[in-house]
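Here's a quick briefing on a protein model, starting with its charged pairs and moving on to strands, a helix and the nonpolar cores. Have the viewer open while you read.

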Amino acid sequence: MPAPLFIADAFTSERFRGNAAAVCLLEAPADAAWMQALAAEMNLSETAFLVPQGDAFSLRWFTPTVEVELCGHATLASAHVLWETGRLDTARPALFDTKSGRLAAVRLGQWIELDFPARPGTPAQLPAGVVEALGCMPLAVTRGRDDFLIEVESEAIVRQLSPDFSVLKTLPARGVIVTARADSADFDFVSRFFAPAAGVDEDPVTGSAHCMLAPFWGARLDKRSMRAWQASTRGGEVRVDWRGDRVGLAGRCVTVLSGTLA
């Protein structure tokens, strides 16, 4: 049966910036192999699949190669699409039932704020070869539920990284976050995110990575509310509010394409 299909750029107010996500609106649950095939066809870092479920929506996310348990930008895009198309009243929160539990999104003017779980890391050692593959010297390394987080000395180092993805792909983790304090007074910290093991060499703007970045930088900077810039080629802004075991992630979103899946 035909299904509405959208592409929206998340964590940006400009088309062709931020992180593009596909959003597929289904009337009933679909086969996982079919969803994975469509995600591969879309070839974006994530494709989101929504199914109405009581007062909420069932939400699943797929990269071109695997299903993931948590994705920020495709959740932001999903809420944006529901409100923009009138499928959900703009005064109501968007509620999502996912593999990471119940998630919520609310509108704050032109911004959308997600309520996500905080995922702090613990001090760790990097596997052999990772420092060489990244081409930078860590100041600190932590290991979270999904990812390694590496702090480096400067924003310039973060921006100049050109990793060996063949090495990073072998890591026993979803990906690697590399971060530093921001040079500009407009932001508190910058980051980049590499996840070749999940089929995404570099993710343009990664909401879920900020579930680990929020407690990391919150503790270092003694701040709860922070502004972050993900310094990929497309780039994107994430406003972060660290609330103990939860994190508020706010961003803007713009629709690029709407159509019908044949």
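Arginine 102 is partly exposed, at 40% relative accessible area, and its side chain meets that of aspartate 97 in a salt bridge, 2.6 Å from N to O. Aspartate 97 is partly exposed too, with a relative accessible area of 22%. Keep in mind that this is a predicted model.

**Salt bridges**

- The count comes to 18 salt bridges. In general, side chains of opposite charge can pair when their charged atoms come close.
- Arginine 192 has a salt bridge with glutamate 202, with 2.8 Å between the closest N and O atoms. Because arginine 192 sits in strand 13 (residues 189–195) and glutamate 202 in strand 14, this pair ties together parts that are 10 residues apart in sequence.
- The two partners differ in cover: arginine 192 is buried, with a relative accessible area of 8%, while glutamate 202 is partly exposed at 24%.
- Arginine 239 pairs with glutamate 237 in a salt bridge whose closest N and O atoms are 3.3 Å apart. Here the acid is the buried partner, glutamate 237 having a relative accessible area of 9%, and arginine 239 is partly exposed at 34%.
- That pair belongs to a network of salt bridges linking Arg227, Glu237, Arg239 and Arg252.

**A buried acid with no salt bridge**

- Aspartate 203 is part of strand 14, which covers residues 200–203.
- What is the nearest side chain of opposite charge to aspartate 203, and how far away is it? It's arginine 174, 7.1 Å away; aspartate 203 is buried yet has no salt bridge. A salt bridge needs a nitrogen and a carboxyl oxygen within 4 Å, so 7.1 Å doesn't qualify.
- What aspartate 203 does have is a polar contact, side chain to side chain, with asparagine 19 at 2.9 Å.
- Setting aside neighbours within four places in sequence, the residues in contact with aspartate 203 are Asn19, Ser45, Glu46, His73, Phe193, Gln230 and Ser232.

**Strands around strand 6**

- Strand 6 (residues 94–98) is mostly covered, with 4 of its 5 residues buried.
- Strand 4 (residues 56–62) runs parallel to strand 6, and 2 bridges join them. Across that pairing, phenylalanine 57 stands opposite phenylalanine 96.
- Strand 7 (residues 101–108) pairs with strand 6 in the antiparallel sense, over 5 bridges. The link between strand 6 and strand 7 is a hairpin through 2 residues, and threonine 98 stands opposite glycine 101.
- As a general point, side chains in a regular strand alternate between the two faces of the sheet.

**Strands around strand 10**

- Strand 9 (residues 122–123) and strand 10 (residues 140–143) run antiparallel and are joined by 2 bridges. Threonine 122 has arginine 143 as its bridge partner in strand 10.
- Strand 10 also runs antiparallel to strand 11 (residues 147–151), with 4 bridges joining them. Here arginine 143 has phenylalanine 148 as its bridge partner.
- Between strand 10 and strand 11 there are 3 residues, and the two strands form a hairpin.

**Helix 6**

- How many residues of helix 6 (residues 210–221) are buried? The answer is 9 of its 12 residues, which leaves this helix mostly covered.
- The buried residues in helix 6 are His210, Cys211, Met212, Leu213, Ala214, Pro215, Phe216, Trp217 and Gly218.
- Aspartate 222 follows helix 6, and its phi is positive, near 55°.

**Nonpolar cores**

- The largest nonpolar core has 53 residues, and those with the most contacts inside it are Leu50, Trp61, Phe96, Ala105, Val240 and Leu249.
- Helix 2 (residues 72–84) gives this core its largest share, 7 residues.
- Another core lies apart from it, with 21 residues, including Val130, Val141, Ala173 and Val178.
- For background, nonpolar side chains tend to be buried together in soluble globular proteins.

Definitions and conventions:
Residues numbered from 1 in each chain as written. Predicted model: local features only at pLDDT ≥ 70, side-chain atom pairs only at ≥ 80, totals over all residues. Heavy atoms only, no water. Core = buried A, V, L, I, M, F, W, Y, C linked by side-chain atoms within 4.5 Å. Buried < 20%, exposed > 50% of the residue type's maximum accessible area, 1.4 Å probe, protein only. Lys, Arg positive; Asp, Glu negative; His and termini not counted. Polar contact = N/O pair within 3.5 Å; in protein donor to acceptor, adjacent residues only side chain to side chain. Contact = heavy atoms within 4.5 Å. Pairing = 2+ DSSP bridges.
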